[in-house]
Every structure is written in structure tokens, then in C-alpha cells.
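Me: I would like to learn how to read the helices and the core of a model, going from the overall layout down to single residues. Could you take me through one case step by step?

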Amino acid sequence: MPDRAARGSGRSQRWIPLLLLLLALSDLRTELRLLADQVTLTALIFTVRHHLLAVVVLVLQPSLWSHYGPPRRSVSSETVDTP
């Protein structure tokens with residue numbers, strides 16, 4: 001059974017994916033405006049090559065949210081007989 005410190009640290013770190021998302025979007029701000037005007041293969045390649053970390057953070061957002069999100073409760077497969 002996890003102790004209080006382990007459970008509490010998960011709650012205090014929920015802001016990490018949000019912070020990474022905001023930093024990645026601020027880094028890609030100009031490129032996203034250019035891509036919104038006209039999507040070209042050259043613009044996509046430039047964005048990925050010159051902002052690789054920000055692109056990886058955006059791609060990994062679902063995994064980060066599931067890792068740092070609220071703990072999931074496991075559903076027991078046992079049934080309880082009630083009289």
C-alpha cells in the first residue's frame with residue numbers, strides 16, 4: 001500500500017503536463033501562425049527540425065495527462081452477494 005507521501009506527490013504534479021503544453025505552444029507560436037495561413041511540406045519539416053522538443057511534447061501530451069492525471073480506481077471483478 002502506497003504511503004501518503006507517494007499519493008500526495010501525484011496530486012501536486014498535475015500542473016506539469018499543462019506547463020509543458022503552454023511552453024511548447026509558446027515556442028511554436030510563429031510556426032503555428034505560418035501553418036495556419038498555408039500548410040506546406042516545407043513549413044512542416046522546418047517546424048519539426050527546428051522545434052523538435054516542442055513537437056515531441058505535443059505528441060506525448062495524452063501520455064503525460066494519463067500519467068500525471070488523477071489516479072484511476074480499479075474495479076473489482078468480485079461480486080458481493082447481498083441477502
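Reply: What follows is a walk through this predicted model, from its overall layout to its core and then to one residue.

Me: How many helices and how many strands does the protein have, and in what order do the elements run?

Reply: The protein has six helices and zero strands, so that the order of its elements from the N terminus is α-α-α-α-α-α. Among contacts with a separation of 6 or more, 70% join residues that lie 24 or more positions apart.

Me: What share of the residues counts as buried, and what supplies the exposed surface?

Reply: Of the 83 residues, 17% count as buried, while the protein exposes about 7300 Å², of which carbon and sulfur atoms supply 62%.

Me: Which residues make up the largest nonpolar core?

Reply: The general idea is that nonpolar side chains in soluble globular proteins tend to be buried together. Here the largest nonpolar core has five residues, namely Ala24, Leu28, Ala54, Val55 and Val57, and helix α5, which spans residues 52-59, gives the largest share of this core with three residues. Ala54, if residues up to four places away in sequence are not counted, touches Ala24, Asp27 and Leu28.

Me: How should I read the two sides of α5, and where do its buried residues lie around the axis?

Reply: The general idea is that an α-helix has 3.6 residues a turn, so residues three or four places apart point the same way. In this model the buried residues of α5 are Ala54, Val55 and Val57. They lie on the same side of α5 because they cover an arc of only 160 degrees around the axis. On the other side of α5, Leu52, Leu53 and Val59 are exposed. The cover over the buried residues of α5 includes α2, α4 (41-50) and α6 (61-68).

Me: Is Leu25 buried, exposed or partly exposed, and which residues is Leu25 in contact with?

Reply: Burial is read from relative accessibility, where partly exposed stands between buried, under 20%, and exposed, over 50%. Leu25, which is placed in helix α2 (residues 15-27), has a relative accessibility of 36% and therefore counts as partly exposed. Apart from neighbours within four places in sequence, Leu25 is in contact with Leu32 and Leu58.

Me: How far apart are Leu25 and Val57, in sequence and in space?

Reply: Leu25 and Val57 are 32 residues apart in sequence, and their C-alpha to C-alpha distance in space is 9.5 Å.

How values were computed: Residues numbered from 1 in each chain as written. Predicted model: local features only at pLDDT ≥ 70, side-chain atom pairs only at ≥ 80, totals over all residues. Heavy atoms only, no water. Core = buried A, V, L, I, M, F, W, Y, C linked by side-chain atoms within 4.5 Å. Buried < 20%, exposed > 50% of the residue type's maximum accessible area, 1.4 Å probe, protein only. Helix = DSSP H or I, 4+ residues; strand = E, 2+ residues; numbered from the N terminus. Contact = heavy atoms within 4.5 Å. Areas by Shrake-Rupley, 256 points an atom, 1.4 Å probe, with all protein chains shown as cover. Arc of directions from axis to C-beta.
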